[in-house]
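Here is a quick tour of one protein model, taken heading by heading. Have the structure open as you read.

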Amino acid sequence: MCHCMQKDKFKKFLRQLKDMGFDAIPRVEKSPRESRPPAPINSPQEFASKGKLLEELREKYASCRNCPLSASRTKIVFGEGNPSARLMFIGEGPGFDEDHTGRPFVGRAGQLLTKILVKGMKLKRSDVYITNIVKCHPMKDPTNPEKRGNDRPPNFFEVSKCIPILYEQIKIIRPEVICALGGPAAKILLATEAGISSLRGKVFERKIIPSEPDFIVKIVPTFHPAYLLRNPPAKVPAWKDYQEIMKILGLKRSD
Ligand code: URA
């Protein structure tokens, strides 16, 4: 490919990134660890190539029919955010608002997550990567995608069919920290039967990609934002989890 064609392709990619909410390709220069945001630490080229790989992955599964959730979904909710994020959030599965917009965590629970990110952690959604264990909305009544409150946790079959996409995403993004939002996500990522109350408050280190034993990611489980909406006092311990994440990433605490 000639140089100018490559340049055009790169420009197009930059425009796509801007449409996705990125202000600019982050600079490569190193800032002190204390103030480094969970933004890319790779070169702009690596940032761009990770974005391209994620797009290719999204396209590969754009018409996925691997499980029955595909029959009732309105939109696939692949995930969104920074392709080089140091911090990744993983929830359980899309709900009504996500199914209708194709974006993760945009309903009431998502708005709370965004508030925690922006007001608490002083980050933007586009600094981190947000996705779910399953990419289509698990519904109690799959004949009625227009009904609110029709959510259920994904079952084992659905998770087993969808989890390869998540592992591919992790493999591309290579985050330092994964925040598991809620019991189902934590149980699946940590391969445990333990409940979220006993898992949260701890940091787990996992070799998440079997073929890459040197790639160790820290997993921080916390309460699901939807649980925090139903049970506001749980925001206190949850905030401790978010502060722990900030500590691991060397971000300044806001309190
Ligand atoms: N709950 C989740 O687990 N994921 C979403 O994307 C929205 C709500």
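## Reading the element names

Helices (H or I, at least four residues) and strands (E, at least two) are DSSP runs, and their numbers count up from the N terminus. Keep in mind that we're looking at a predicted model.

## The sheet

Let's start with the strands. Six of them make up an open sheet, and walking across it you meet β1-β3-β2-β4-β6-β5, with mixed pairing. The edges belong to β1 (80-81) and β5 (204-207); each has a single partner strand, so one side of each has no neighbour in the sheet.

Further in, β4 (residues 177-181) runs parallel to β6 (residues 216-222), and 5 bridges join the two. One of the bridge partnerships to look up is Leu 181 with Thr 222, the latter sitting in β6.

## Helices on the sheet

Helix α7 (residues 183-190) packs on this sheet and touches β2 (87-91), β4, β5 and β6. Its direction makes about 135 degrees with that of β4.

Helix α10 (residues 235-249) packs on the sheet too, touching β2, β4 and β6. Here the angle is about 160 degrees, taken against the direction of β6.

## An aromatic link

The structure has 2 aromatic pairs. One of them is Phe 89 with Tyr 242, a tilted pair with 6.4 Å from centre to centre and 35 degrees between the planes. Why does it count as tilted? Planes under 30 degrees apart would be called stacked and those over 60 edge-to-face, so a pair at neither end falls into the tilted class.

This pair ties together distant parts of the chain: Phe 89 belongs to strand β2 and Tyr 242 to helix α10, 153 residues apart.

## The enclosed space

How many cavities of 30 Å³ or more does a search of the whole structure find? Just 1 turns up, and the largest cavity holds about 130 Å³ of space. It has 16 lining residues, with Cys 64, Lys 135, Cys 136, Cys 162 and Ile 165 closest to its centre.

Helices α3 (69-72) and α6 (156-173) are the elements that give two or more residues to this lining. The top contributor is α6, with 4 residues. Sorted by class, the cavity lining comes out as 10 nonpolar, 2 polar and 4 charged residues.

## The open pocket

Now for the largest pocket, with a volume of about 790 Å³. Its lining takes in 30 residues, and those nearest the centre are Ala 109, Asp 151, His 224, Ala 226 and Arg 230.

Which elements give two or more residues to the pocket lining? They are α4 (96-101), α5 (108-120), α7 and α9 (225-230). Of these, α9 gives the most, with 4 residues. The class breakdown for the pocket lining is 12 nonpolar, 10 polar and 8 charged.

Technical notes:
Residues numbered from 1 in each chain as written. Predicted model: local features only at pLDDT ≥ 70, side-chain atom pairs only at ≥ 80, totals over all residues. Heavy atoms only, no water. Pairing = 2+ DSSP bridges. Contact = heavy atoms within 4.5 Å. Axes fitted to C-alpha atoms, helices over the stretch in contact; angles between N-to-C directions. 1 Å grid on protein atoms, 1.4 Å probe; cavity = no way out; pocket = protein on both sides within 12 Å on 5 of 7 lines; lining within 4 Å. Points joined across faces, edges and corners; volume = space filled by probe spheres on them. Nonpolar A, V, L, I, M, F, W, Y, C, P; charged D, E, K, R; others polar. Phe/Tyr/Trp six-rings, centres within 6.5 Å; stacked < 30°, edge-to-face > 60°.
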